[in-house]
Amino acid sequence: IKVMACKGARDSDASLSGIWTAFTYAMNNYPEVISCSWGGGGYAQTYQNIVNEARNRGILVIAAAGNDNTNSVFYPAGYNNVISVASSNQSDQKSSFSNYGSWIDITAPGSSIRSTVATSNTSYEYYDGTSMACPNVASLAGLIFSYNPSFGPAEVENCILTGAENINSQNPGYVGLLGAGRMNAFNSLQCANPSGCLVP
């Protein structure tokens, strides 16, 4: 797969309008996946319309659920046609910071994730956040698209969700609030096998 990084605002004063301009720029270059490690509160029909247009173009949008340890809906993760991603730790428990709720679609590792550092060519650091969990799911989506190029966004989403690992026993206080469970790349690829599961 190829990755296109889009920056929609300066570090010092990011604005939603600028970030959505970057989203639209990405959408107009016809990717198969758009990963959104950003967001905030408040619904806007204008932005829902943009997400709907992305889906109509065959693009799968995936977004971080937010880091406020609340069940309040966080956008763009909370929009229709977006896979919302909560964060789990190494024990498959909800990360202490992760948002949760019936609007969550799936959970992915987001605690102590080793990552490159923007200010260094040689350093790595460990970060926490649903912004770390979201790219894990986006990467899985890219892997499924490459594994089965005939799939559209609905088929890829189906395989991501049906392949998830049930983590209810590790999260008795959040049953039904962490989506389909923790992502499982192996299971999802089995689903993406051309002779495997199909979307009804």
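**Salt bridges, helix packing and selected serine and glutamine sites**

Arginine 182 is buried, with a relative accessible area of 17%. The model in which this residue sits is a predicted one. Arginine 182 counts as buried because its value falls under 20%, the limit used for that class. Its side chain has a partner of opposite charge: aspartate 92 forms a salt bridge with arginine 182, and the closest N and O atoms of the pair are 2.9 Å apart. Aspartate 92 belongs to the loop between strand E3 (82-88) and strand E4 (106-109), while arginine 182 belongs to the loop between H4 and H5, so the bridge ties together parts that lie 90 residues apart in sequence. Aspartate 92 is buried as well, at 14% relative accessibility.

How many salt bridges does a search of the whole structure find? The search finds three. In general, side chains of opposite charge can pair when their charged atoms come close. Another of the bridges joins arginine 55 and glutamate 157, with 3.1 Å from N to O. Here too, distant parts of the chain are linked: arginine 55 is in helix H2 (residues 45-56) and glutamate 157 is in helix H4, 102 residues apart. Are these two partners buried or exposed? Arginine 55 counts as buried at 18% relative accessibility, and glutamate 157 is likewise buried, at 18%.

A further salt bridge connects glutamate 53 with arginine 57, where the closest N and O atoms are 2.8 Å apart. Glutamate 53 is partly exposed, with a relative accessible area of 32%. Arginine 57 falls into the partly exposed class too, at 29% relative accessibility.

Attention now turns to the helices. Two packed helices are described by the angle between their axes and the distance between the axes. For H1 and H2, the axes come within 11 Å and cross at roughly 15 degrees. That angle makes H1 roughly parallel to H2, because angles under 35 degrees are placed in this class. The crossing of H1 past H2 is left-handed. On the H1 side, the contact is made by Leu16, Ser17, Trp20, Phe23, Thr24 and Met27, and on the H2 side by Tyr47, Ile50, Val51, Glu53 and Ala54. Sorted by class, the residues of this contact comprise eight nonpolar, two polar and one charged. Glu53, listed among the H2 residues of the contact, is also the glutamate that bridges to arginine 57.

Serine 17 gives a closer look at the H1 side of this pairing. This residue is found in helix H1 (residues 16-28) and counts as partly exposed, at 47% relative accessibility. Serine 17 and tyrosine 47 are 30 residues apart along the chain, and their C-alpha atoms are separated by 9.5 Å. Both residues appear in the contact between H1 and H2.

How do the axes of helix H4 (residues 153-162) and helix H5 (residues 185-192) cross? They come within 8 Å and cross at roughly 135 degrees. That makes H4 oblique to H5. The crossing of H4 and H5 is right-handed. The residues in contact are Asn158, Cys159, Ile160 and Thr162 of H4, together with Ser188, Cys191 and Ala192 of H5. By class, this contact divides into four nonpolar, three polar and no charged residues.

The loop between E3 and E4, already met as the home of aspartate 92, also holds serine 98 and glutamine 90. Is serine 98 buried or exposed? Serine 98 is buried, with a relative accessible area of 0%. Leaving aside neighbours within four places in sequence, serine 98 is in contact with Gly66, Asn69, Thr70, Ala86, Ser87 and Thr130.

Glutamine 90, by contrast, is exposed, with a relative accessible area of 61%. This value places glutamine 90 in the exposed class because it is over 50%. Glutamine 90 and proline 109 are 19 residues apart in sequence, and their C-alpha atoms are 7.2 Å apart in space. Not counting residues up to four places away in sequence, glutamine 90 touches Ser111 and Ser112.

Technical notes: Residues numbered from 1 in each chain as written. Predicted model: local features only at pLDDT ≥ 70, side-chain atom pairs only at ≥ 80, totals over all residues. Heavy atoms only, no water. Axes fitted to C-alpha atoms, helices over the stretch in contact; angles between N-to-C directions. Helix = DSSP H or I, 4+ residues; strand = E, 2+ residues; numbered from the N terminus. Parallel < 35°, antiparallel > 145°, perpendicular 65-115°, else oblique. Left-handed = near helix turned anticlockwise from the far one by under 90°. Contact = heavy atoms within 4.5 Å. Nonpolar A, V, L, I, M, F, W, Y, C, P; charged D, E, K, R; others polar. Salt bridge = Lys/Arg side-chain N within 4 Å of Asp/Glu carboxyl O. Buried < 20%, exposed > 50% of the residue type's maximum accessible area, 1.4 Å probe, protein only.
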